Amino acid sequence: MTPATSRRPRPLDPPHEGDLLAAIDLGSNSFHMVVAQRVLGQLRVVDRLRETVRLAEGLDKTGRLAPAVQARALACLARFGQRIAGFDARQVRAVATHSVRQLRHPEDFLGPAEAALGHAIDVISGREEARLIYLGVAHAQPPPPGRKRLVIDIGGGSTECIIGLGMQPLERESLQVGCIASTLRFFPDGRLTAARWRMAQTEIGAEFQQFAATYRDLGWDEAIGSSGTHKAIGEICAKLQLTKGAITAAALPVIRDRLLTAGRIDAIDLPGLADERRPIIAGGVLILEAAFAALGLQRMQVSQAALREGVLFELLGRGGADDPRAQSVAALMQRYGVDVAQAMRVETTALQLFDLLAADWALGEDARQLLAHAARLHEIGLAIAHSGYHRHGAYVLLNSDIAGFSQQEQRLLAALVLAQRRKIGKTLFEMIPERLLADTRHTAALLRLAVLLRRARSDAALPALSLRAEGEQLRLRIDARWLSAHPLLRADLESELTGMRGLGVALELALG
């Protein structure tokens with residue numbers, strides 16, 4: 001092993017001129033896909049697909065998904081998969097939102113869903129969803145310099161509220177209220193009454209009140225609504241000649257009264273309202289009216305962009321210098337007072353080991369980048385306590401909102417940090433998708449070795465090493481005389497002969 005490997009993870013191969021990119025949004029109401037081509041450094045949309053799936057409709061209180069709804073979702077993803085057949089992983093990103101987050105056993109859905117689509121699906125947190133929504137709106141409608149904007153997105157299962165400046169979100173919130181969930185909750189039998197509406201307004205308004213004061217204090221210069229709910233309500237406003245397509249505080253009560261006059265969801269008759277939107281429009285109007293009241297809104301423009309556009313634009317920078325994950329890792333290191341010099345030593349060594357074994361274990365650039373992130377963050381738990389710091393660090397990574405990372409990526413990071421030392425727990429990898437399990441075990445073994453080799457916290461050069469793998473047999477050859485001069489490291493390495501068994505890896509130490 002030589003010190004020539006860069007301390008920084010190699011950037012993934014960015015999209016090239018003419019490449020096609022696809023972003024897929026598995027929403028609680030609809031699944032969307034947008035396909036764009038990179039032309040002169042910009043994205044030109046060439047295709048859009050949308051299907052109403054109503055995932056939230058099939059989700060029960062125990063987190064189980066109705067078989068008929070799952071079948072509907074898989075059929076849709078199979079059709080999407082046909083459109084992007086031949087795209088490689090670099091060209092596609094699919095994200096799943098609230099309804100998949102609520103599943104009791106998400107892998108029971110994600111496994112067949114990924115098989116149908118032909119690509120991995122990232123489950124993202126509500127706050128990460130909010131960040132990507134803002135990114136999509138900001139790229140589609142560039143904000144005026146120095147002006148803050150409020151963006152609200154009402155989905156089928158959740159509602160995201162963001163205040164941003166330029167291309168950066170300043171505040172992000174995700175509420176567990178959506179147009180499908182709220183319609184089912186407050187009008188389960190389809191009856192629309194004023195009493196039920198008032199009760200629902202009180203409950204949903206309380207959700208917005210949790211952050212309303214903070215948002216009002218920060219302020220904004222314009223408000224924008226994204227998602228199908230806002231588009232539908234804006235269209236109704238225009239057809240009723242209440243506005244020219246914007247949504248106003250004066251228009252919402254008119255629409256609400258029209259809904260209550262109908263008396264039943266199946267009797268709703270609003271101009272401009274599509275038939276597929278009729279069963280869930282009451283919940284959408286309910287949430288928007290509560291948001292207007294809590295935040296003191298008077299007027300909201302409607303954006304044509306939403307989450308999928310944010311995912312699409314981020315594909316351009318993901319894995320490169322503009323990857324938000326790298327920025328988040330740096331922020332975590334600063335917040336938890338990480339010893340940067342030691343983190344870089346471990347990262348450099350871990351990546352050198354990775355490069356020696358990448359071919360033997362068929363490890364790709366995604367695994368290399370994740371190992372680099374884990375090496376930089378492996379000691380964040382020291383800010384809590386030295387005893388069990390690997391457990392503290394894993395807890396922080398698993399339970400924080402980390403911009404740019406999906407929930408699966410956070411679990412992978414937490415698993416690597418937890419596995420860096422001591423005994424490997426039997427349940428460590430239970431939450432890791434099967435398709436990522438081998439890579440996770442192998443990169444965990446490399447991180448353990450790097451942490452041991454750099455335990456002295458010194459910049460002194462390591463001896464020449466050779467590392468080879470045959471299946472799950474890992475063979476490390478190291479200079480015998482050098483190792484004799486470092487008895488603590490020798491003891492550590494010998495303990496790893498049994499310590500790695502929890503990873504399913506058998507380590508063999510050879511002295512050269």
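**Entry 1: the second largest pocket**

I looked up which elements supply the lining of the second largest pocket, and I found that α4 (126–140), β8 (168–175), α10 (307–317) and α11 (324–335) each give at least two residues. The model I am reading is a predicted one. I noted that α11 contributes the largest share of this lining, six residues. The space in the second largest pocket comes to about 690 Å³. I counted 26 lining residues in the record of this pocket, and those closest to its centre are R131, Q168, P324, Q327 and A403. By class, I have eleven nonpolar, six polar and nine charged residues for this lining.

**Entry 2: E128 in helix α4**

I then turned to one residue of α4, namely E128. Is E128 buried or exposed? I enter E128 as buried, because its relative accessibility is 2%, and the cut-off for buried is under 20%. I next listed its contacts, leaving aside neighbours within four places in sequence: E128 touches R172, E314, I402, A403, G404 and F405. I also checked S406, whose C-alpha lies 7.8 Å from that of E128, although 278 residues separate the two in sequence.

**Entry 3: the largest pocket**

I moved to the largest pocket, for which I have a volume of about 1,000 Å³. Its lining consists of 37 residues, and A89, A120, D366, E409 and R435 are the closest to the centre. I find that β4, α3, α13 (365–377), α15 (407–418) and α16 (434–453) are the elements giving two or more residues to this lining. Which element gives the largest share of the lining of the largest pocket? I recorded α13 here, with six residues. I sorted the lining of the largest pocket into 15 nonpolar, ten polar and twelve charged residues.

**Entry 4: the five-stranded sheet**

I traced an open sheet of five strands in the order β3-β2-β1-β4-β5, and its pairing is mixed. At the edges I found β3 (42–52) and β5 (121–123), each of which pairs on one side only. On average, and with direction ignored, neighbouring strands of this sheet are turned by 20° against each other. I followed the pairing of β2 (residues 30–39) with β3, which is antiparallel and extends over ten bridges. Within this pairing I looked up H32, and its bridge partner in β3 is R50. I then examined helix α3 (residues 106–117), which packs on the sheet and touches β1 (20–26), β4 (92–96) and β5. The direction of α3 makes about 145° with that of β5. I note that α3 and β4 also appear among the elements that line the largest pocket.

**Entry 5: strand β9 and its partners**

I finished with strand β9 (residues 222–226). How many of its five residues are buried? I count four, and I therefore enter β9 as mostly covered, buried meaning under 20% relative accessible area. I found two strands that pair with β9. The first entry is β6 (residues 148–154), which runs parallel to β9 and is joined to it by five bridges. In that pairing L150 stands opposite A223 of β9. The other entry is β11 (residues 299–302), which pairs with β9 in the parallel sense over two bridges. Here I noted G225 opposite V302 in β11.

Key: Residues numbered from 1 in each chain as written. Predicted model: local features only at pLDDT ≥ 70, side-chain atom pairs only at ≥ 80, totals over all residues. Heavy atoms only, no water. Pairing = 2+ DSSP bridges. Axes fitted to C-alpha atoms, helices over the stretch in contact; angles between N-to-C directions. Contact = heavy atoms within 4.5 Å. 1 Å grid on protein atoms, 1.4 Å probe; cavity = no way out; pocket = protein on both sides within 12 Å on 5 of 7 lines; lining within 4 Å. Points joined across faces, edges and corners; volume = space filled by probe spheres on them. Nonpolar A, V, L, I, M, F, W, Y, C, P; charged D, E, K, R; others polar. Buried < 20%, exposed > 50% of the residue type's maximum accessible area, 1.4 Å probe, protein only.
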